[in-house]
Amino acid sequence: MDKTKIGIVGCGNISGIYFENLTKLFQNTEVLACSDLTREKAQQAAEQYGVPRVLTTEELLADPEIEIVVNLTTPGNHYAICRDALLAGKHVYVEKPLALYPEQGRELVELARERGLLLGCAPDTFLGAGLQTCRKLIDDGFIGEPVAASAFMVCHGHESWHPAPEFYYAPGGGPMFDMGPYYLTALVSLLGPVSSVCGMTKTSFSERIITSAAKFGQKIDVQVPTHVAGTLQFAGGALATMIMSFDVWSSTLPRIEIYGTRGTLIVPDPNTFGGPVLLRHEQGTSFSELPLLFPYSGNSRGIGVADLASCIRSGERPRANGELAQHVLEIMHAFHVSADSGFYAALSPACERPRPLPSGLVQGIVD
Ligand SMILES: NC(=O)c1ccc[n+]([C@@H]2O[C@H](COP(=O)([O-])OP(=O)(O)OC[C@H]3O[C@@H](n4cnc5c(N)ncnc54)[C@H](O)[C@@H]3O)[C@@H](O)[C@H]2O)c1
């Protein structure tokens with residue numbers, strides 16, 4: 001198979017699973033080069049995954065053989081590296097969020113369009129077996145017309161495990177920008193785009209103490225809201241209730257539930273690729289767990305990159321595309337805009353529901 005050549009920028013915490021899957025799981029990708037501000041990290045990844053070239057980021061963007069730049073840096077670096085990569089003529093896939101601010105995201109989407117390049121963005125968990133099974137159940141009418149949904153992600157932040165957790169409390173961080181993309185991308189894939197948002201926000205702790213090993217005891221000044229609650233109106237009519245929080249020690253709330261005119265669907269954790277998927281039909285007496293109808297139930301991060309690589313050849317729109325990520329970025333901002341203004345924030349639902357995966361796929365291919 002003709003493999004698309006990839007350069008990875010940013011060899012930190014999340015990069016391992018991308019290297020693993022883009023070098024071993026997906027049949028249409030190969031990693032040709034990698035870079036990191038800390039060169040040893042790139043060197044170590046290159047040795048571990050057999051990547052031929054360790055470059056500076058500038059050299060990587062200028063390498064004529066690289067077709068897709070995969071940007072796995074921290075959120076504050078997403079916009080500039082994506083812009084430079086697009087200006088260098090590369091297709092781009094970036095970790096979430098697309099950018100810190102909607103204007104930056106819009107510029108990236110527009111730049112890619114002008115240059116005839118593809119722009120993709122994490123998360124790609126909505127292409128996993130669990131969420132694709134939910135998508136098929138909804139599209140096939142198993143719960144009737146969706147009328148409402150709930151989405152909850154509550155935890156006490158990432159400073160207990162991440163080796164460098166400062167970015168989670170800086171602009172581009174906080175629970176909405178960190179975890180919201182998983183929940184919102186899943187909801188948009190299941191229910192379509194959002195037309196308005198009503199939000200409230202809170203910062204319960206002004207500083208955080210790191211308890212993971214490398215920076216144990218160091219303080220982080222919290223610069224962003226760490227509890228975000230609100231309501232979303234979907235263009236299709238459904239209403240969703242959402243809480244994203246780094247201020248809660250524990251809870252029994254579900255992750256995502258979709259309520260339809262004929263039944264209820266319990267959706268798996270959208271930060272994972274597998275199940276369980278549970279359905280209770282109006283005529284049923286209890287929830288039943290359904291079999292997953294698609295491959296990619298394990299950690300398949302990078303499936304969005306493999307899909308983008310396939311779209312370079314086919315001319316189709318990538319599923320985890322820039323317009324979708326931009327819509328998600330605008331929704332996340334809308335929660336904060338609404339909270340600051342005290343009014344609903346209206347959105348122009350400018351993206352389409354991403355195409356579902358086809359049935360009959362085997363692991364390793366995406367189309
Ligand atoms: N850690 C996770 O579990 C996780 C999960 C899903 C998504 N993400 C997302 O992935 C992204 C990266 O997160 P992470 O946890 O891997 O962060 P990290 O801090 O562990 O790694 C980021 C790496 O990028 C490098 N970098 C920064 N600027 C650079 C530049 N200009 N050129 C080259 N390298 C540069 C840093 O040196 C660092 O090694 C974030 O957007 C995050 O939201 C992280």
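Which element gives the most to the lining of the largest pocket? In this predicted model, that element is α7, with 4 residues. The pocket itself encloses about 910 Å³ of space, and its lining is made up of 38 residues, among which N13, L72, T73, T74 and F167 lie nearest the centre. Helix α4, like α7, supplies at least two residues of this lining. By class, the lining residues of the largest pocket divide into 16 nonpolar, 16 polar and 6 charged.

The second largest pocket holds about 220 Å³ of space, and of the 16 residues that line this pocket, F177, V224, P225, H333 and H336 are the closest to its centre. Here α7 contributes again, since at least two lining residues of the second largest pocket come from α7 and at least two from α9. The lining of this pocket comprises 9 nonpolar, 6 polar and 1 charged residues.

Apart from these open pockets, the structure contains 1 cavity of 30 Å³ or more, and the space within the largest cavity amounts to about 60 Å³. Its lining consists of K96, P97, L98, C121, A122, P123, P181, T185, L324, A325, V328 and M332, and the elements that give two or more residues to that lining are α7 (174–191) and α9 (322–341). In the case of the cavity, the largest share, 4 residues, comes from α9, whereas for the largest pocket α7 gives the most. The cavity lining divides into 10 nonpolar residues, 1 polar residue and 1 charged residue.

With regard to the strands, an open sheet of 6 strands is found in the order β3-β2-β1-β4-β5-β6, with parallel pairing, and its edges are formed by β3 (53–54) and β6 (119–121), each of which pairs on one side only. In general, the strands of a sheet pair through backbone hydrogen bonds, in either a parallel or an antiparallel manner. Within the present sheet, strand β1 (residues 4–9) pairs with strand β2 (residues 29–35) in the parallel sense over 6 bridges, and the bridge partner of I8 in β2 is C34. Helix α4 (residues 78–87) lies across β1, β4 (68–71) and β5 (91–94), and runs at about 165 degrees to β5. The helix that crosses these strands, α4, also provides at least two residues of the lining of the largest pocket.

Definitions and conventions: Residues numbered from 1 in each chain as written. Predicted model: local features only at pLDDT ≥ 70, side-chain atom pairs only at ≥ 80, totals over all residues. Heavy atoms only, no water. 1 Å grid on protein atoms, 1.4 Å probe; cavity = no way out; pocket = protein on both sides within 12 Å on 5 of 7 lines; lining within 4 Å. Points joined across faces, edges and corners; volume = space filled by probe spheres on them. Nonpolar A, V, L, I, M, F, W, Y, C, P; charged D, E, K, R; others polar. Pairing = 2+ DSSP bridges. Contact = heavy atoms within 4.5 Å. Axes fitted to C-alpha atoms, helices over the stretch in contact; angles between N-to-C directions.
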